[in-house]
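Okay, thanks for making the time, everyone. I'll put the structure up and then walk you through one spot in the chain before we zoom out.

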Amino acid sequence: MSNDAVTVLRGSRPGKVIAVHLNYPSRAAQRGRVPQHASYFLKPSSSLCGTGRVHRPQGTELLAFEAEVALVIGTAARQVAPEDGWSHVGWVTAANDLGLQDLRYADKGSNVRSKGGDGYTPLGPELIEASRVAPDALRVRAWLDGELVQDDTTADLLFSFGHLVADLSRMLTLEVGDVILTGTPAGASVAQPGQRVEVEVSSLTEPTVRSGRLVTEVVDGPCLGQWGAPPRADDAARADAYGQTPAAPAPILTDYLRRRLGAVAVATLSVQLRKRGYDDASIDGVRPLVPGRPIVGTARTLRYIPYRKDLFAAHGGGFNAQKRAIDSVGPGEVLVMEARGDATAGTLGDILALRAQVRGAAGVITDGAVRDAGPVAALGLPVYSSGAHPAVLGRRHVPWETDVTIACGGAAVQVGDIIVADDDGALVIPPALVVEVLEAAEEQEQQERFITEQVAAGHGVDGLYPLGPHWRDAFDRWRAAQNDRADQPTPTNHPPSPGACAPADREDTP
């Protein structure tokens with residue numbers, strides 16, 4: 001049999017072309033999300049071609065290229081297991097999953113028109129026999145006008161090739177000649193008329209085993225017909241087509257803000273939130289497993305649903321949502337769990353608590369129970385819960401989803417919210433309010449320190465607590481004196497006092 005990809009595929013009835021949306025960690029990082037399961041779309045067999053030209057219609061601007069490893073089915077597969085999936089692959093080769101992003105909006109993810117155009121699935125030029133390579137030891141690269149723009153391997157795919165074959169074969173028969181496009185790594189971008197895209201797949205263990213360069217030249221094409229959805233390119237579409245990583249939000253919770261928040265009582269912050277209409281900001285019913293371990297951090301979330309036998313069988317085992325949440329929590333983040341206030345089964349144990357600590361988590365808050373309470377307490381990780389219970393989560397809970405808006409202890413919690421907790425309880429502060437609330441809380445605590453000194457000196461509380469006009473001038477003089485003392489040089493470096501304003505260039509100074 002010839003190894004020429006187009007000759008082989010055209011020598012029989014054209015099969016299905018199935019493409020995976022996201023499969024490379026580098027691409028998932030660009031997209032800002034990691035899928036729990038593989039998802040797919042279909043491309044028509046009429047989009048198959050080899051080395052040659054592809055037209056970008058006049059009036060459009062976003063013809064995107066994506067270098068991929070293509071699997072060609074060699075043995076029909078129906079309801080095969082993941083460990084057997086690779087054995088049904090006959091060949092692998094290079095693919096360029098082209099798409100006209102100007103039309104992507106029009107098909108809501110099906111990509112019928114945006115990725116189904118004639119010549120939008122170049123393959124080849126040579127087929128590599130699957131028996132000659134290892135599925136996790138392939139390299140895929142792409143060049144734009146001779147410059148290397150994509151370069152990754154299949155060593156750490158989100159979904160292995162065997163898994164893809166097995167997953168698809170659950171519902172449909174994969175036939176000989178069917179093609180699976182297995183996802184693209186970071187670096188996919190846009191090609192303009194006059195530019196040249198080259199894609200190649202090779203073996204990591206035997207570099208001479210390769211597909212050869214699949215070459216696509218982009219040329220101007222005729223205008224699209226005036227009927228149907230018109231092409232549309234906005235900033236979001238351009239960012240997506242050019243593979244730009246979504247802009248990360250500004251680092252709201254700097255180290256300096258963390259220190260200041262940690263120096264203010266949660267009770268004081270609660271007062272300031274209530275003054276602004278946030279009466280439900282407290283996570284009710286949770287207490288520190290070990291008193292004296294405060295929390296300041298940004299929220300990550302995990303939601304449990306009530307136990308049901310079939311749902312737990314499908315979602316409770318393996319690398320479930322609970323383990324994914326623990327294994328992705330980052331430094332300075334607080335994992336907040338919604339367990340419906342049901343403390344009759346554990347939602348966190350010592351091993352997962354240790355994993356969160358090793359990853360640098362600022363703490364864990366659950367309105368359910370903690371299991372292995374003694375060992376968890378001994379770790380030193382701040383943990384707040386509704387109690388302790390010896391039962392595993394499967395008694396009452398199914399770990400369901402991560403990084404969604406949840407309700408914990410009666411408070412709404414979103415990813416990125418600011419979490420502050422001490423022995424009085426835990427609070428959720430919307431990020432947009434954190435500076436305003438913090439500054440007001442610092443002002444309140446300065447006033448309360450002054451009031452405490454005056455009460456200790458024998459003054460009555462009338463007009464003093466809360467601070468009235470009669471005492472305002474005295475407080476202002478006291479505060480000025482406090483700030484003067486704080487500005488005096490000392491033999492050691494101390495962080496600024498909670499009431500002091502930091503110069504702009506000291507945002508991250510220790």
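**One leucine, then the whole chain**

So, let's start at Leu-103, which sits in the loop between β8 (99-100) and β9 (121-129). Keep in mind that this is a predicted model.

Is that leucine buried or exposed? Leu-103 counts as buried, because its relative accessible area is 8% and the cut-off for buried is under 20%.

And what does Leu-103 touch, if we skip residues up to four places away in sequence? There's Arg-113 and Ser-114, then Leu-224, and then Ala-229, Pro-230 and Pro-231. For a distance across the model, take Gly-330: Leu-103 and Gly-330 are 227 residues apart along the chain, and their C-alpha atoms are separated by 37 Å.

Okay, zooming out. The protein chain has 13 helices and 29 strands. Along the principal axes, its C-alpha atoms fill a box of roughly 100 × 50 × 50 Å. The radius of gyration is 30 Å, whereas a compact globule of 510 residues would come in near 24 Å.

On packing, 48% of the 510 residues are buried. Take the contacts between residues at least 6 apart in sequence, and 78% of those join residues at least 24 apart.

Last bit, the surface and the charges. The accessible surface comes to about 23700 Å², with 53% of that belonging to carbon and sulfur atoms. For side-chain charge we've got 49 positive and 62 negative, and the centres of those two sets lie 4 Å apart.

That's my tour, happy to go back to any of it.

Note on methods. Residues are numbered from 1 along each chain as its sequence is written. This is a predicted model: local features need pLDDT of at least 70, side-chain atom pairs count only at pLDDT 80 or more; totals for chains, interfaces and linings use all residues. Side-chain values use heavy atoms; hydrogens and water are left out. Helices (H or I, at least four residues) and strands (E, at least two) are DSSP runs, numbered from the N terminus. The radius of gyration is taken over C-alpha atoms; the globule rule is 2.2 Å times the number of residues to the power 0.38. Buried means under 20% relative accessible area, exposed over 50%, partly exposed in between (1.4 Å probe, protein chains only). Contact means heavy atoms within 4.5 Å. Accessible areas come from the Shrake-Rupley method with a 1.4 Å probe; for residues, only the protein chains shown count as cover. Lys and Arg count as positive and Asp and Glu as negative; His and the chain ends are not counted. The place of a charge is taken as NZ of Lys, CZ of Arg, CG of Asp or CD of Glu.
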